[in-house]
Amino acid sequence: MEYPIGIEMSQDYLSFELSKSAYTLVKDVMLVKEGENVVITGDSSSDRRVVEATANAVYTVGGNPVIIYYPTSTKLYAEPVKPIGNAVACSDVWIEFAYSSIMLCESFQKAMQNGCRYINLTGMDVTMMTNTIGKVDYMTMVELGETIKRILYEADEVIIQDKNGTNLKAYNKGRKIRHSGQLATQKGYPIMLGGQISWCPIEETINGTLVFDAALFPPTQLGILSGNVVITFEEGVVTKIEGGKDAEVFKNWLDSFNDPNMYRLAHYSLGFNPGVTKATGRIVEDERIFGCMEFGIGSQGRAIMGKFWTAASHTDGVVSKPSIILDGNPLEIDGKYVHPEVAALCKKLGVAGY
């Protein structure tokens, strides 16, 4: 297995910028307070510079950092050994850097039930942390997310198209929208790296074609795609997967679980982190490529506020330059936001082309 983690650079690479980024993550995003127990999990594929910088920031603000390292698992979103599961389940704050994420597992669910504030930063290296946290106007990015959240919630018909052949239609019917990239203000509410909105339209209304053209992960054999993966959906369920070698790998991976829920479309997501301009093979970064859309297949977490179901695993694929039409009105065309209110915030963020 090859992991696209930037560990080849020196220990001091971007060390000042990393310290600032870790402090922003801990203090301004995760809102760690004095005396809180903060569990930081990383596996043998994690960039330890990021883990250590985050632990130092936790200690600086008065928290109690607890670092857990363990071997990289070949199974993503699977229940870990008990010492890891027990630690995260009783933490006040949990920051996950492990490449093989255990989000959505039983211990994750227990942690949420116990009021843990969690963020998934799987595969984050020094460059990724500085680009996506330290170098962006995080508060304006959060404001952009809240604005898109409101616009999506007010819409019913959602059509996604692109020049590769994506043509997917669904209806929201009042479904709530999750701003996964917000600040950790709520106990038991998992958040993700800033620059993402997620939701699921009414599952049975999802029909059409989806073309992943940038990234798809897992399976671990994939990451940056070498060819398009074309997926047909009927009533929210995968009925056909077409394409070349990458499509075959993906289909075989889905089929290997022998789990009907692995074929269900779990969520739509919009990516808008200005620090991400192209696919890197690190899915947490790739699904935030500015202007992209990312779609999850498999387990649907409660936080999505859809039907909720469990599956053997979960996967995420990226459409790099979508057009998003809401009730006949364009929010985005070919990867560029055209809604006036959204475009104004993109300009405020300093995104090229606005």
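Phe308 sits in the loop between β14 and β15, and its backbone does something a bit unusual: Phe308 has a positive phi of about 70° although it is not a glycine. Keep in mind that this is a predicted model. From that loop, let's go through the backbone oddities, the core, the cysteines, the spaces inside and a few individual residues.

**Backbone oddities**

- Here's the background: most residues other than glycine have a negative phi, and most peptide bonds are trans.
- Phe308 counts as partly exposed, at 27% relative accessibility.
- Met305 lies in the loop between β14 and β15 too, and Met305 also goes against the usual pattern, with a positive phi of about 65° although it is not a glycine.
- Is Met305 buried or partly exposed? At 31% relative accessibility, Met305 counts as partly exposed.
- Gly115, just after α4, takes a positive phi of about 90°.
- Now for the cis peptide bonds: one joins Phe217 and Pro218, with omega at about -15°.
- The peptide bond from Pro218 to Pro219 is cis as well, and here omega is near 15°.
- Where do these prolines sit? Pro218 is in the loop between β10 (216-217) and β11 (229-234), and Pro219 is found in the loop between β10 and β11 too.

**The nonpolar core**

- The largest nonpolar core has 115 residues, and Tyr268 and Leu270 are the ones that touch the most other members.
- Which helix gives the most to this core? That's helix α6 (residues 138-153), which supplies seven residues.
- Take Leu270 and set aside its neighbours within four places in sequence: its contacts include Ile148, Leu152, Trp199, Cys292, Met293 and Tyr337.
- Also on the contact list of Leu270 are Gly195, Gln196, Ile197, Ile324 and Leu331.

**Cysteines without partners**

- A disulfide is a covalent bond between the sulfur atoms of two cysteines.
- How many disulfides does the count come to? It comes to zero.
- Why does Cys105 have no partner? The closest cysteine sulfur, in Cys116, is 12 Å from the sulfur of Cys105, and that is too far for a bond.
- Cys200 tells a similar story: its sulfur is 17 Å from the closest cysteine sulfur, in Cys292, so the gap is too far for a bond.
- Cys105 counts as buried, at 5% relative accessibility, and Cys200 counts as buried at 1%.

**Helix α4 and the largest pocket**

- Helix α4 covers residues 106-113, and its buried residues are Ser107, Phe108, Gln109, Ala111 and Met112.
- What do those buried residues pack against? Their packing partners are α3 (82-89), β3 (93-96) and β4 (117-120).
- The largest pocket holds about 490 Å³ of space.
- This pocket is lined by 34 residues, and the closest to its centre are Met103, Leu104, Arg178, Met192 and Gly301.
- Several elements give two or more residues to this lining, including α4, β7 (191-192), β8 (196-199) and β13 (265-271).
- Helix α4 provides the largest share of the lining, with four residues.
- By class, the lining of the largest pocket divides into 15 nonpolar, 14 polar and five charged residues.

**One cavity**

- How many cavities of 30 Å³ or more does the structure hold? There's one.
- The largest cavity contains about 40 Å³ of space.
- Its lining is made of Tyr99, Thr122, Phe217, Gly281, Arg282 and Ile283; Phe217 is the residue that a cis peptide bond joins to Pro218.
- The lining of the largest cavity has three nonpolar, two polar and one charged residues.

**Two strand residues to look up**

- Ser313 is in strand β15 (residues 309-319), and Ser313 is buried, with a relative accessible area of 4%.
- Beyond its neighbours within four places in sequence, Ser313 is in contact with Leu76, Tyr77, Trp253, Phe257, Met262, Ile297, Gly298 and Ser299.
- Val66 belongs to strand β2 (residues 64-70), and Val66 is partly exposed, with a relative accessible area of 37%.
- Not counting residues up to four places away in sequence, Val66 touches Val38, Val39 and Ile40.
- Val66 and Ser91 are 25 residues apart in sequence, while C-alpha to C-alpha they are 9.4 Å apart in space.

Key:
Residues numbered from 1 in each chain as written. Predicted model: local features only at pLDDT ≥ 70, side-chain atom pairs only at ≥ 80, totals over all residues. Heavy atoms only, no water. Core = buried A, V, L, I, M, F, W, Y, C linked by side-chain atoms within 4.5 Å. Buried < 20%, exposed > 50% of the residue type's maximum accessible area, 1.4 Å probe, protein only. Contact = heavy atoms within 4.5 Å. Disulfide = S-S within 2.5 Å. 1 Å grid on protein atoms, 1.4 Å probe; cavity = no way out; pocket = protein on both sides within 12 Å on 5 of 7 lines; lining within 4 Å. Points joined across faces, edges and corners; volume = space filled by probe spheres on them. Nonpolar A, V, L, I, M, F, W, Y, C, P; charged D, E, K, R; others polar.
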